[in-house]
Structure formats: C-alpha cells, structure tokens
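Grab a coffee and work through these exercises with the structure open beside you. Each one sets a task and then walks through a solution.

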Amino acid sequence: MFTKIKAFRNRFIQYKRSSKVHSDLDVLLGSAAEQKQLEDQLQWLVRLLQWVRYEGAVDAHIEKETGRLPVARLRYLLMVLERNPQWKKSVAVILRTVVHEVSGLELYTETGLPRELGLWSELSDRLMMKMLPTPPLDHELGYLFWALFPEKEDPLWVASIDPATFERLVELFNYEVGTDEKDWNRFGMDLEDALVYLVIQVRAIGLSPAIRYRLDKPNFRDSAFFALVRGLEEFMNAYHAGDRNLALEKASRFRMIIWECRREMAQVHKHLDEYGVSVNLVFQMARLRTYLQRVDSLLEILLNERVDSKKVTSFLSKLIEENQDLRSISSLLSQNVSLLARKVVERAAETGEHYITRTKDEYRRMLQAAGGGGALTAITVYVKTGILALGLSSFMEGVFASMNYALSFVAIHLAGFTLGTKQPAMTAPALAAKMQDVDSEKGMNDLVTDITHLIRSQVAAIAGNVMFVVPCVILIDALFFVLFGGHLMSHEKAVYAFKSVDIFGPALLFAAFTGVLLWFSSLFAGWADNWFALNSLRKTLARSPTLKAVFGKRGARSVAVFFENNISGLVGNISLGILLGMTPEIMKFIGLHLDVRHVTLSSGTLGGALPVLGVDFMKTWDFWRAVIGIFFIGALNVLVSFGMALWVAIKARGINPPQRKAIRQAVMKRFFSSPLSFFLPVGSTVPKSSSGNHGH
C-alpha cells in the first residue's frame, strides 16, 4: 500500500513539474517578440537554454548522465515552434541578430583559449574573473558562452545532438529571412579570419627564443612554425579560387606543416633535460597545443562542402569544455605544472639512483657512507647543545641552528657520506621512473626488485647513521670528561632529550612533520638542478672572466663542472638545514608548537645524554620508551618523505590507480616470499645499472 502511495506521489510531482515547465516555455516563447535590445535578446537566450537543461523530472539525474534529457527537450522546443509560426519567426530573428551582432571571430579565437602570454598573468586574469562582477553578455562571446553553457554536463548533451535535430536547428536560423537580414551570417568569413589570426599567434610563440633555442634548426626560417603562414596562404588562395581538388591538396600540405610543428614541440620536450624548464615555457607549450588543435578543427569545418552535424556538435562540445576550463584555476595549474613537476622529479630521480644499492659491495659501501654521516652528525649534536646553552632569543637560536645543520649536511655531502633520512625523498622519483613498464611481467618483476633494493638501502643508511652517531657522541663526551672533568650536556638537557622522543609524547607527530620538511628539501634540490640547466650556468661559469682571472681557464671549467654535479646536493642540504632550524621557531612565533624530530640527530642527542644519566638509567622504562620512540621517528621520517615524493612522482608520470594496486600486490607477494631480502643483501644480485657514488 505504501509503495503504491509513493508511486502515485512521484507521478503527481512529475505531472506538476512538467505542467509548470510547459507553462514556462509558453511564457518564454510568447515574450520573444518583445526583446528589441541586444542585451535583452541575449538574456532571453540564456533563459531559453536554462529551460532546455531543466532538471525537474523525477528521473532527470539518470537522463542527465547520458545527455538525453536536454536533447529531448530541445526536440520538444522545435516541435512547439513548428506549431506556432509567429513564435518561430521571433526566435529566428533573435538568433540571427545574435549571430550578426556578436563577432564570430571571438568565438573561434578567444572562447576556450588562454588570453595571456604567461602562466602568472593568466592565473591573475582567472582570479579577476572569479572576483569581479560578470560583465554584460555582449561584452565578449566567451562570457555569453559561459552563461549559455555553465554546467559540466553541457558538452555531453551538445555532442549527442542527432543529425535530424541539428538540421532543424540550422533551418530555424534561416526561417523567413527578411530582405534587411540577407548578410546576417558572418560565420564563414569570421572562420577564415580566425584561421589567419591563430596561425600568426602560433608562429609568434613557436619562433620565440625559449622554444627556438631548443630546436635543432640552424635558421629559424627552417622551422615549421615559420612555414605556417605561407601554407595557410596557399590553401586560402586555392579555396577562394573554387578549385576543390587543389584546395584539398593545399589543405593536406598545410596539415603536414601542423604535424611538423607538433613534432618540433616533442623535440623541445626532449631537450628539457639539457636546457631546463620554466613554468612559463610549459604554459607556452600548452598554449601552442591548444592553438594548433583549434586551427585543425576550424580547417576541418571549412573544408566541408555541406554542414556536417557531427563535426559541428563535436566542435561546439569541445569549445564549451575548453571555455569552462578557462575559468578553472585548478585546471590551469594542473595542466601547466604537471610537466614542470615531472622534470623536477626526473632530476631528483637521477640523484636518487645514487642512493639505491643492488649488490653486497654496494650495500657495504652504503653502510660505510652512512657511518661517516653519523660520525659527522655527532659534532652537529654538540654544536647544537652549545647553541642552546648560549641563551639566545628564539629567532637567533633558529638562525644558528640552521647554519649548524646546513654546514653539517653540506660537509657530509662533500665528504662522500650520506644522511639516511634525506634519501627517501630522492629515491622515490627514481622508483617512479621505472613504473612505465609495469603492464608486462618482466617490467613488474624489475620494479619490485628495485623496491626491494630501495627499502634495503634505506635500512642500511639509517642503521649506519644511528650505529655510528651514538658511539661517536659518547666518545666525544668521554674525551671532554677526561680533559675538563665534566659532561658536555647538563642533567636537565639530558632528561629532556629522552622525554622529547618518548613514544607516548608528541614525538611521532613531530617526526611526521620532519618527513614533510625532508620532502620539501628534495623539491628544492630538483628545482636547483633545473634552474642551473635553464640558465645555462655551466657554460656561463666556464666562460666567466672573473673565474678565469682567479682560477685560470681550466680552473673555471672545473668550478662549472663542480657546481653542475653538486648544485642539487648543495641546495638540498642547505634548504634542509634551514627548514629544520627555522621552522620550529617560525611555528612558535605564530602560536603553533610544532617541532622537528630527525632520527639521526635525536639518536645522537640520546647518546650524549646517556653518560650524564648513567648506566642504571638504561634499566628504566623511560629509557626503553625513548628507544622505541627513536625507531618510530626513523620510520615516520622515511615513510612520510618517501610517500609524498612517490605520490608527486606518480602523479607527474600519470601512473593510474589499477597499476598502483598491481604494484602494491606484487610488493606484498615478494615480501611474504622473501622478507629478509628487504633488509639484507641475501643471495647474489647482478646490478641492472651502474649505481654510481652512494655518498652524494
């Protein structure tokens, strides 16, 4: 009984809504003749499109997904107009007026295309569009298009308009054309003008220095971008001469030039490793792709002897989609930053390869390099203790702590040693670089093997750091005690050292936050390497008159090579030192108690506190809670920095969710079949590639 009542209620609601909709349409069509001013006609047209996409039916959400509902309502509208000739004539007059008054050139060259010359100016333009009031609809066709088709589903239903309905729409535009309206249709002429305008824009961007320098053409006249205008002129001459066969031949040649332009763009991508990449360059490349695609679409429409409904609706659908994206800030950033992110993580990947061990000898060298890093960190621990003992202001403590960390990390890097927690953010991009072939069994096996090697390398690096930093700080304290009769660390500092890493305290939160800072430092490292290449600094430094005067010609080249090989490591380590030293003080200033917990530094601090508290302290629960805390601090440092770096690298490389799931399953399968291989170099492993120097 209840089901029947509910069904009757739904039918009643649908009837009421449909009655209201039909009534609204009658009122709307009846008022068409009253719209005399262009602005009123545009507003009326917007209301008509709102009626077409009306979502009043009970099952409208189902129809909306397929795009059938608006098309069905469009057919109903055309049927009503057929039965009311006066309404049909009034609607046709409005449509012809809009086409005549609003330039079609803007439709083809502005709607859905980037307006500015750079990413940041385009970003500010979109922000202004969101903040400022919407201009009048006749101000620009892009705004009219946005008002007519504001919904995400609009491209779907426009593309699904069937040929019969499209033909009836075209007939509506031409219904009872008056003698004073003979020249209402300017679309054809505007389309030709749009082709000329867009081709000129494409040639200007394609021959700009940022792109031209990355091509292997000896002269800019040899570039396909230079030949575009001539190719279009030859086609347009043949088209206006009325020679169909010649026009098709010239169009084919013009399209070959467009294809050659795309090939040159691919060549630019390949040269990004050598020359680096900037955000504005990425934006201009995306702009070129969009413009070339629009030129190809307009040429296709122009070549059709009769209007092809499917091609026109597809073009309009794409136009609507691009126009909606043009207002989206997230779309702009995702489209233009993805390549930059990819190149930055690729440069980090090259560095990360040095941190992956594949043989027993490499594993042993990693332990040795990590041991050296731990030994140098012992000095860092006591320098930090001395800085805290000075009683400086919070800001100055942060400054001196940053200098201490940065100098220490740079020394570790230049000495060929390693800091374990810095590795994960660098090795994740190297891992993502190998995910392209996971669809094959061999590719998946190779990837899982690399993951095994990578995890084992991280374990070796952190274990080496901790195993050496603790005895080194104890040895330094012992020497100080013998010489001066006291410990380097006060009793209060020693007690605080253990409390600061207590598993039941905030140490785990701080460790995860430190993982984020470690990841940020890897981004700075990748950015620096890219910046060095982008500005051709190796060539600049090698030819610098100042460096030649000081070091000689060979010395200047050596300086240039040194910075080329080490700029990533230097910037990454200096930025990490500043982040670890200054971030806690900045957080304290803004009222957030968010500290850092680095496993090697924390382990060294505990080692320095042990002689102060004595051997008996090792029997207490406080000691073991701190030891457990150190273990989890190391795990969170690695997991957070590695996870964030891997996520960015996967996003930049477009690894899809099914592939990620397959990788996870393959790794778990390997872990359960051979768990020891994730921690120790068991068996004999043949290196797939040269591992390089593991000390960077």
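**Exercise 1.** In which loop does Ile655 lie? Work out, too, whether Ile655 is buried or exposed.

*Solution.* A quick reminder before we start: this is a predicted model.
- Step 1: find the helices on either side. Ile655 sits in the loop that runs between α28 and α29.
- Step 2: check the accessibility. Ile655 has a relative accessible area of 2%. Buried means under 20%, so Ile655 is buried.
- Step 3: look for a distant partner. Val438 is 217 residues away from Ile655 in sequence, yet their C-alpha atoms are 9.7 Å apart in space.

**Exercise 2.** Zoom out and describe the whole protein: how many helices and how many strands does it have?

*Solution.*
- Step 1: count the elements. You should get 29 helices and zero strands.
- Step 2: ask how much is tucked away. Of the 696 residues, 48% are buried.
- Step 3: look at the contacts between residues at least 6 apart in sequence. In 83% of them, the residues joined are at least 24 apart.

**Exercise 3.** Take Leu169 and find which residues it contacts, leaving aside its neighbours within four places in sequence.

*Solution.*
- Step 1: place the residue. Leu169 belongs to helix α10, which covers residues 163–173.
- Step 2: list the contacts. With those neighbours set aside, Leu169 touches Leu74 and Leu78.
- Step 3: put a distance on one of them. Leu78 is 91 residues from Leu169 along the chain, and the two C-alpha atoms are 7.8 Å apart.

**Exercise 4.** Describe the largest pocket, then the second largest: what lines each of them?

*Solution.* Rolling a probe the size of a water molecule over the atoms shows where empty space is left.
- Step 1: start with the largest pocket, which holds about 1,400 Å³ of space. It is lined by 48 residues, and those closest to its centre are Phe166, Phe173, Phe187, Val312 and Leu316.
- Step 2: sort that lining by type. It comes out as 40 nonpolar, five polar and three charged residues.
- Step 3: move to the second largest pocket, with about 1,000 Å³ of space. Its lining has 34 residues, and Ile455, Val459, Ala635, Val638 and Leu639 are the closest to the centre.
- Step 4: sort this lining as well. Here you find 28 nonpolar, four polar and two charged residues.
- Step 5: trace the second lining back to helices. α22, α27, α28 and α29 each give at least two residues, and α28 gives the most, with 11.

**Exercise 5.** Look at the aromatic rings: how many aromatic pairs are there, and how are the rings of Phe220 and Phe226 arranged?

*Solution.* A pair of aromatic rings is described by the distance of the centres and the angle of the planes.
- Step 1: get the count, which is 15 aromatic pairs.
- Step 2: take Phe220 and Phe226. Their centres are 5.6 Å apart and their planes make 80 degrees. Over 60 degrees counts as edge-to-face, so this pair is edge-to-face.
- Step 3: check their accessibility. Phe220, at 37%, is partly exposed, and so is Phe226, at 24%.
- Step 4: repeat for Phe631 and Phe632. They are edge-to-face too, at 5.4 Å and 85 degrees. Phe631 is exposed at 59%, whereas Phe632 is partly exposed at 36%.
- Step 5: look for a cluster. Ring pairs tie together Phe498, Phe617, Phe623 and Trp624.

Methods. Residues numbered from 1 in each chain as written. Predicted model: local features only at pLDDT ≥ 70, side-chain atom pairs only at ≥ 80, totals over all residues. Heavy atoms only, no water. 1 Å grid on protein atoms, 1.4 Å probe; cavity = no way out; pocket = protein on both sides within 12 Å on 5 of 7 lines; lining within 4 Å. Points joined across faces, edges and corners; volume = space filled by probe spheres on them. Nonpolar A, V, L, I, M, F, W, Y, C, P; charged D, E, K, R; others polar. Helix = DSSP H or I, 4+ residues; strand = E, 2+ residues; numbered from the N terminus. Phe/Tyr/Trp six-rings, centres within 6.5 Å; stacked < 30°, edge-to-face > 60°. Buried < 20%, exposed > 50% of the residue type's maximum accessible area, 1.4 Å probe, protein only. Contact = heavy atoms within 4.5 Å.
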